[in-house]
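Please work through the exercises below with the sequence and the model side by side. Each one sets a task and is followed by a solution that proceeds step by step.

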Amino acid sequence: MSAFAVIRPDDWNFPLLLHVLGATVLVGGLVAAVTALLLGWRRDSAFYTRLGFWALLAVAFPAWWAMRIGGQWIYSKEGFDELETEPGWLGVGFITAELGGLILLITIVLTGIGMRRLRNRPDSTSVLTRIGGVLASLILLAYVVAVWAMSAKPD
Amino acid sequence: MSFSDWLLFLHVAAAFALVAALTVFWFVAVTARNVDRPVDSLRFFRIARPANVLVVVGTMGTLIFGIWLAIDLDAYQVWDGWVLAAIVLWAIASAAGQRGGIVYAQAAKLAGELASQGRGEEPSGELKALLQDRRAMWLNVVSSALVLAILVVMIYKPGA
């Protein structure tokens, strides 16, 4: 049965709350960023790129840390670090968190550079922010898979 | 994967949709707080469009799959105190969020009308007043705080 459905020791609850809250806000930040960056492909690129960048930097990035710190905390509380073989769902969670975090950082940098370039020529579009939009969409997709793996915990 | 596992996934996915939608709404509300031109406000409202869908899916999904899960699992009952508390919080959060959202829907409608009249570039005091409506903001604060309280109840399961 999943961690959500069982009664846990009380001191496991706060790390789990931090992990889940961070993950939900992270998804929200990514939804805002992806929407803005994809809207910027066709119109008002400078405006939408600026919003997409700030959604990534001010919302998704801090939320990623909350998710990751909470996740590591509950990982050690539950004693997974003492297991010889980790469950598969945990591996999915780790891969999506770590790789997603790295891609998130790259996306923020690319979008930030694109935003600076668009500041000087607001009526044009930026290849970097388009790449940022694709990367942010991929991270969002990966986190949907992670939500499935972490909640349903398939064998 | 058992049927209960799928129900749990759908319940959690709905919760993600709900909190993600609230995050988008807050991001838009904060970044658009000083907007007074219809053309600018319409840009912000476009970003909130996916969140308008997510909030409905999330609100209905959390309740339906949550109750279904409580019926399906032997360990819990719908009349457990923490489940009832979550349902009451859900009802108040939904009502507050829906009432708060009406003002923003009015603002979006007004911005659309002004833009279609060719007045999209002109600052509008009425539009700014709707976007800065304090009552709507407080209703959204209450709604978001209650959603956070539901998350706390779901994880801590007081009395279980």
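**Exercise 1. Place Ser126(A) in its chain, decide whether it is buried or exposed, and list what it touches.**

Solution. Begin with the position along the chain: Ser126(A) lies in the loop between α3 (88-120) and α4 of chain A. Bear in mind that this is a predicted model, and that every value used here is computed from it. Next, count neighbours: a residue is called buried when 20 or more other C-beta atoms lie within 10 Å of its own. Ser126(A) has 22 C-beta neighbours inside 10 Å and therefore counts as buried. Then look for its contacts, leaving out residues up to four places away in sequence: Ser126(A) touches Ser45(A), Thr49(A), Gly114(A), Arg117(A) and Leu118(A). Finally, compare sequence and space: Ser126(A) and Ala46(A) are 80 residues apart along the chain, while their C-alpha atoms are separated by 8.8 Å.

**Exercise 2. Describe the overall make-up of chain A and of chain B.**

Solution. First take chain A, which has 4 helices and 0 strands, in the order α-α-α-α along the sequence. The C-alpha atoms of chain A fill a box of roughly 55 × 25 × 20 Å along the principal axes, and 46% of its 155 residues count as buried. Among the contacts in chain A with a separation of 6 or more, 79% are between residues 24 or more positions apart.

Now repeat the steps for chain B, where there are 5 helices and 0 strands and the elements run α-α-α-α-α from the N terminus on. Its C-alpha atoms fill a box of roughly 60 × 30 × 20 Å, again taken along the principal axes. Of the 160 residues of chain B, 41% count as buried, and residues 24 or more positions apart account for 83% of its contacts with a separation of 6 or more.

**Exercise 3. Test whether the length of helix α3 of chain B agrees or disagrees with its residue count, then describe its surroundings.**

Solution. Start with the expected span, for which 1.5 Å is multiplied by one less than the number of residues. For the 36 residues of α3(B), residues 81-116, this gives 52 Å, and because the end C-alpha atoms are 52 Å apart, the two values agree. Next, pick out the buried residues of α3(B), among them Val83(B), Trp90(B), Gly97(B), Gly100(B), Tyr104(B) and Leu114(B). What covers the buried residues of this helix includes α2 (38-72), α4 (125-131) and α5 (134-156) of chain B. Last, look beyond the helix: α3(B) is followed by Gly118(B), whose phi is positive, near 80°.

**Exercise 4. Characterise the side of chain A that touches chain B, and follow one residue of chain A to its contacts in chain B.**

Solution. First count the participants: the contact takes 30 residues from chain A and 28 residues from chain B. On the chain A side, α1 (13-39), α2 (45-77) and α4 (127-152) each supply at least two residues, and α1(A) gives the most, with 15 residues. Sorted by class, this side of chain A has 21 nonpolar, 7 polar and 2 charged residues.

For the single residue, take Ala152(A), which lies in helix α4 of chain A. Ala152(A) is buried because 21 other C-beta atoms lie within 10 Å. Leaving aside neighbours within four places in sequence, Ala152(A) is in contact with Met1(B), Asp5(B), Trp6(B), Leu8(B) and Phe9(B). Within its own chain, Ala152(A) is 63 residues from Trp89(A) in sequence and 8.5 Å from it in space, C-alpha to C-alpha.

**Exercise 5. Find the largest nonpolar core and examine Leu26(A) within it.**

Solution. The largest nonpolar core has 92 residues, and those with the most contacts inside it include Leu26(A), Leu30(A), Ala33(A), Ala21(B) and Val24(B). Helix α1 (residues 3-31) of chain B gives the most to this core, with 19 residues. As background, nonpolar side chains tend to be buried together in soluble globular proteins.

Turning to the chosen residue, Leu26(A) has its place in helix α1 of chain A, and its 31 C-beta neighbours inside 10 Å are why Leu26(A) counts as buried. Not counting residues up to four places away in sequence, Leu26(A) touches Ala60(A), Ala63(A), Trp64(A), Met67(A) and Tyr143(A). By contrast, Leu26(A) and Thr125(A), 99 residues apart in sequence, are 26 Å apart in space, C-alpha to C-alpha.

Terms used
Residues numbered from 1 in each chain as written. Chains lettered and ligands numbered in written order. Predicted model: local features only at pLDDT ≥ 70, side-chain atom pairs only at ≥ 80, totals over all residues. Contact = placed C-beta atoms within 7 Å. Nonpolar A, V, L, I, M, F, W, Y, C, P; charged D, E, K, R; others polar. Buried ≥ 20, exposed ≤ 12 C-beta atoms within 10 Å, placed from the backbone. Core = buried A, V, L, I, M, F, W, Y, C linked by C-beta atoms within 7 Å.
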